[in-house]
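Got the viewer open and a selection box ready? Here is a walk through the model, stop by stop.

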Amino acid sequence: YQEPIIFGSRGKNVCIGDKCEFGNCQNIYLDDDVYIGEKTCIYAQGEVQIKKGSILADRIDIRTANHYY
């Protein structure tokens, strides 16, 4: 990823691995002490909350969406 990324919120001690990709960062909420592994992709058309102390492995793919009909 390239700085600066403006998340919905970003807690203390958040570590983001190399070559991660984020979409709609304003919908991504990171609590304290979160680790996101290398090459992880998070695309947040809907909201994504990663809670305190979470560890995401390398190459995780998270995609959320809202559907309004």
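Two strands count as paired if DSSP finds at least two bridges between them, and the strands themselves are DSSP runs (E, at least two residues), numbered from the N terminus. Before you click anything: this is a predicted model, so local features need pLDDT of at least 70 and side-chain atom pairs count only at pLDDT 80 or more, while totals for chains, interfaces and linings use all residues. Residues are numbered from 1 along each chain as its sequence is written, and side-chain values use heavy atoms, with hydrogens and water left out.

**Stop 1: the sheet around S6**

Select Tyr43 in S6 and look to both partners. In S9, Tyr43 has Arg63 as its bridge partner, and Gly23 stands opposite Tyr43 as well. Now widen the selection to the three strands. They make an open sheet in the order S3-S6-S9, with parallel pairing. S3 and strand S9 (61-64) are at the edges with a single partner strand each, so each has one side without a neighbour in the sheet. From one strand to the next, the twist averages 5 degrees (axes are lines fitted to C-alpha atoms, and angles run from 0 to 180 degrees between N-to-C directions).

How many bridges join S3 to strand S6? Three, and S6 covers residues 41-44. On the other side, S6 and S9 are joined by four bridges and also run parallel. For one more pair, pick Phe22, which stands opposite Ile42 in S6.

**Stop 2: the second sheet**

Next, select S1, S4 and S7. These three strands form another open sheet, in the order S1-S4-S7, and the pairing is again parallel. S1 and S7 are the edge strands, each pairing on one side only. Two bridges hold S1 to S4, and one contact to click through is Ser9, whose bridge partner in S4 is Tyr29.

**Stop 3: Gly8, just before S1**

Step back to Gly8, in the segment before strand S1 (9-10). Is Gly8 buried or exposed? Neither, quite: Gly8 is partly exposed, with a relative accessible area of 35%. On that scale buried means under 20%, exposed over 50%, and partly exposed in between (1.4 Å probe, protein chains only). Show what surrounds Gly8: not counting residues up to four places away in sequence, it touches Cys25, Gln26, Ile28 and Tyr29, where contact means heavy atoms within 4.5 Å. Then draw a distance to Lys51: the two are 43 residues apart in sequence and 13 Å apart in space, C-alpha to C-alpha.

**Stop 4: the nonpolar core**

Select Phe7, Phe22, Ile36, Ile42 and Ile50. Of the 16 residues in the largest nonpolar core, these touch the most other members. A nonpolar core here is a set of buried Ala, Val, Leu, Ile, Met, Phe, Trp, Tyr and Cys residues joined through side-chain atoms within 4.5 Å. S4, S6 and strand S7 (48-50) each put at least two residues into this core. Zoom in on Phe7: leaving out neighbours within four places in sequence, its contacts are Ile16, Phe22, Cys25, Gln26, Ile28 and Leu30.

**Stop 5: the cysteines**

Show the sulfurs. With a disulfide defined as a pair of cysteine sulfur atoms within 2.5 Å, the count comes to zero. Why does Cys20 not bond? The closest cysteine sulfur, in Cys41, is 7.5 Å from that of Cys20, too far for a bond. Cys20 is buried at 4% relative accessible area. Cys25 is in no disulfide either, as the nearest cysteine sulfur, that of Cys20, is 11 Å away. Cys25 is also buried, at 14%.

**Stop 6: three loop residues**

Select Asn27, in the loop between strand S3 (21-23) and strand S4 (28-30). A polar atom of the Asn27 side chain lies 3.5 Å from the backbone oxygen of Gln45. Beyond neighbours within four places in sequence, Asn27 is in contact with Ala44, Gln45, Gly46, Glu47 and Val48.

Colour by phi for the last two. Asn13 has phi near 60 degrees, a positive value in a residue other than glycine; Asn13 is found in the loop between S1 and strand S2 (15-16) and is exposed at 59%. Lys19, not a glycine, has a positive phi of about 60 degrees. Lys19 is in the loop between S2 and S3 and is exposed, with a relative accessible area of 61%.

Methods:
A polar contact is a pair of N or O atoms within 3.5 Å; within protein, one must be able to donate a hydrogen and the other to accept it, and residues adjacent in sequence count only if both atoms are side-chain atoms.
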